Amino acid sequence: MGLLSKKDAKLITDPLTDNNPITIQVLGICSALAITAELKASIVMSVSVLFVLGLGNVVISLMRNIIPSKIRIIVQLIVVATLVIIVDLVLKAFAYELSKTLSVFVGLIITNCIIMGRFEAFALGNGPWKSFLDGVGNSLGYAVILIIVGFFRELLGSGTLLGIQVLGDPIEKTGLYAFGYENNGFMLLSPMALIVVGLIIWVQRSRNQALIEEN
Amino acid sequence: MSLKSNLHNLKEKYKGTKMAPAFNAIHTFLYLPNEVTHNGTHIKAADDLKRTMNIVIMALIPCLLFGMFNAGYQHYAAIDAAKGITTEFSVLGSFITWDNFWIGIIKVLPLVVVSYGVGLLVEFIFAVIKGHEVEEGYLVTGMLVPLIVPIDTPLWMLSVAVVFGVVIGKEVFGGTGMNILNPALTIRAFLFFAYPTWMSGDKVWVYDAVNRVGTADAISGETILGSYAQNQEIVYSNWDIFFGFIPGSVGETSTFLILLGAAFLIFTKIGSWRIILSTFIGAAVMGIIFNQIVALDIITDSSKFYGLMNTNWWQHLMIGGLAFGAVFMATDPVTGSQTNKGKWIYGFLIGFISIMIRVFNPAYPEGVFLAILLMNVFAPTIDHYVVQGNVKKRLKRLKAKTA
């Protein structure tokens, strides 16, 4: 690790595994359930959150000494809202179809608990470089889960990946469909996203027993 | 050496290893185990979990056999209907025949084998990983599943659903006795949401109808609920419906045999008569309400709800899976209510909601499994309030006494 010190590197690697915002802290679930029916939407959502959280963390961190603590939530909201509107407008300008699929959920990045959570828990108490790394790490952790869920939901639900038919054509009955395979419509419904996230949590916690909460 | 002592020796040999539960399961399934408990006082009773399960399976056997004959009967009846031949119906002449039974063997038996094979494999894997004994919970589920799916369900679909149902419906909650949802119905619900085209319509209920779509030999068999939902006349007499000579899921068509099974379950005290009775009452009440709505001309025959609302309330009790659900699904002691008062409420609401879903969801006119799953979720809540109500009543009595 030439570029990053060990401590800094941990800021990025921790949220990917043992402190994952979705599977461990169980934050940002709504968007993970809502937009993961397609892999493409998951990726775009991940990139959007990466942009908003990475930049937002830096901005908040730079302002952390001048924000009066009584109105810090409002200031944080303004920062997120600004960044989200930028993302929204960029998407509308360059990927209109996709922005329609994501519909309200881009706007709802504002309410994504991961973002406010990181502002409160990290950016308000740390320098800009560290906050940037933390933002990138957490949004990558978010992205990993979104992409895994999106991958399985699109593959099993529609038989496609990024819109490309990888299992054959369901109407022409080629590929797997020639043997009687059919797409699993349940995968496209939100409850299945919850179950897939649950399965990821299950696998993760049985591999690392230390993550299991006492009750 | 007998098989029993062979199994016992195997058990001793593998004691402490990972595979031990698998051998123990076979041993205790067939024989009384050699080990006895040593300390304390124990109540000795014949009705352990395995015997309980076996009694339910015995109650289901008539439905399964009937389903096997009915599979063939519906197949040939549909072919005759497509050719325009009308045949006189007689039980021995056209129902209990080898031709019909043969179709049952090639279509229904594989469903049973796959359901048990896949389900028990999952149970064995979990028992080996978690190091506990194999639990008997799947014995009944494995029998229920083939009876509540359409005859033409592809076997791989059934396997996927069984794996999902056993893992998500049961094992994640801690295995047999810990599940909040009925595993058989979880499997049915999975199939319904995942592969809706195979679970509804007028093709899937008759063997071979799906393959013949678009050919000159096309056949179809709409269920009675399906016909009513589309405001069509039905061609079956009430006695046909009661005895089950109608298209439907494999083993749920014969209300008569289901009631025989119910009598057997109630006689052996395995099934709760309160739940069975109150489910039928709930369904009848909802049916009567709908009949009254039609009688008062609030809904006329131009409405898409008319067909099923106009169905006589007593007919509602015989068609669809209501009887099967009431007798074999709702009475599941794990997922149902435990208190006597709770059982009345639980059963009543199952029947009530079943008919409501049936009428208001014409796209898929069967609500029994959804109603039971919904009430499975509410069963602990119902029990909680029944118990709390009792506590309050007794507190009041105590106060009155001491005051």
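Helices (H or I, at least four residues) and strands (E, at least two) are DSSP runs, numbered from the N terminus. Everything shown here comes from a predicted model, where local features need pLDDT of at least 70, side-chain atom pairs count only at pLDDT 80 or more, and totals for chains, interfaces and linings use all residues. Residues are numbered from 1 along each chain as its sequence is written, while chains are lettered from A and ligands numbered from 1 in the order in which they are written.

**View 1. Tyr385(B) sits in helix H18 of chain B.** This helix covers residues 368-402. Is Tyr385(B) buried or exposed? Tyr385(B) is partly exposed, because 13 other C-beta atoms lie within 10 Å; the label "buried" takes 20 or more such atoms, "exposed" 12 or fewer, and "partly exposed" is in between, with C-beta atoms placed from the backbone. Look also for Gly342(B), which is 43 residues away along the chain, with 8.6 Å between the two C-alpha atoms.

**View 2. Ile288(B) belongs to helix H13 of chain B.** Helix H13 runs over residues 273-295. Ile288(B) counts as partly exposed because it has 16 other C-beta atoms within 10 Å. Asp48(B) is 240 residues from Ile288(B) in sequence, and their C-alpha atoms are 41 Å apart in space.

**View 3. Helices H5 and H7 of chain B cross at roughly 35°.** H5(B) spans residues 98-130 and H7(B) residues 155-169, and their axes come within 9 Å. Axes are lines fitted to C-alpha atoms, for helices over the stretch in contact, and angles run from 0 to 180 degrees between N-to-C directions. The crossing is right-handed, a word used when the near helix is turned clockwise from the far one by less than a right angle (left-handed if anticlockwise). Among the residues that meet are Val114(B) and Val118(B) of H5(B), with Leu158(B) and Val162(B) of H7(B) on the other side. The residues of this contact include 11 nonpolar, 3 polar and 1 charged. Here Ala, Val, Leu, Ile, Met, Phe, Trp, Tyr, Cys and Pro count as nonpolar, Asp, Glu, Lys and Arg as charged, and the others, Gly among them, as polar.

**View 4. H5(B) also packs against helix H6 of chain B.** H6(B) holds residues 138-147, and the two axes are 8 Å apart at an angle of about 145°. This crossing, too, is right-handed. Among the residues that meet are Tyr116(B) and Leu120(B) from H5(B), and Tyr138(B) and Val145(B) from H6(B). The contact has 8 nonpolar residues, 4 polar and 1 charged.

**View 5. Chain B touches chain A through 7 residues on each side.** Two residues are in contact if their C-beta atoms, placed from the backbone, lie within 7 Å. Which helix gives the most to the side of chain B? Helix H8 (residues 183-194) does, with 3 residues. That side has 7 nonpolar residues, no polar and no charged.

**View 6. The largest nonpolar core has 140 residues.** A nonpolar core is a set of buried Ala, Val, Leu, Ile, Met, Phe, Trp, Tyr and Cys residues joined through C-beta atoms within 7 Å. Val52(A), Leu191(B), Val327(B) and Ile372(B) touch the most other members. Helix H3 of chain B (residues 49-83) gives the most to this core, with 13 residues. Beyond its neighbours within four places in sequence, Val327(B) has contacts that include Ile258(B), Leu265(B) and Ile276(B).
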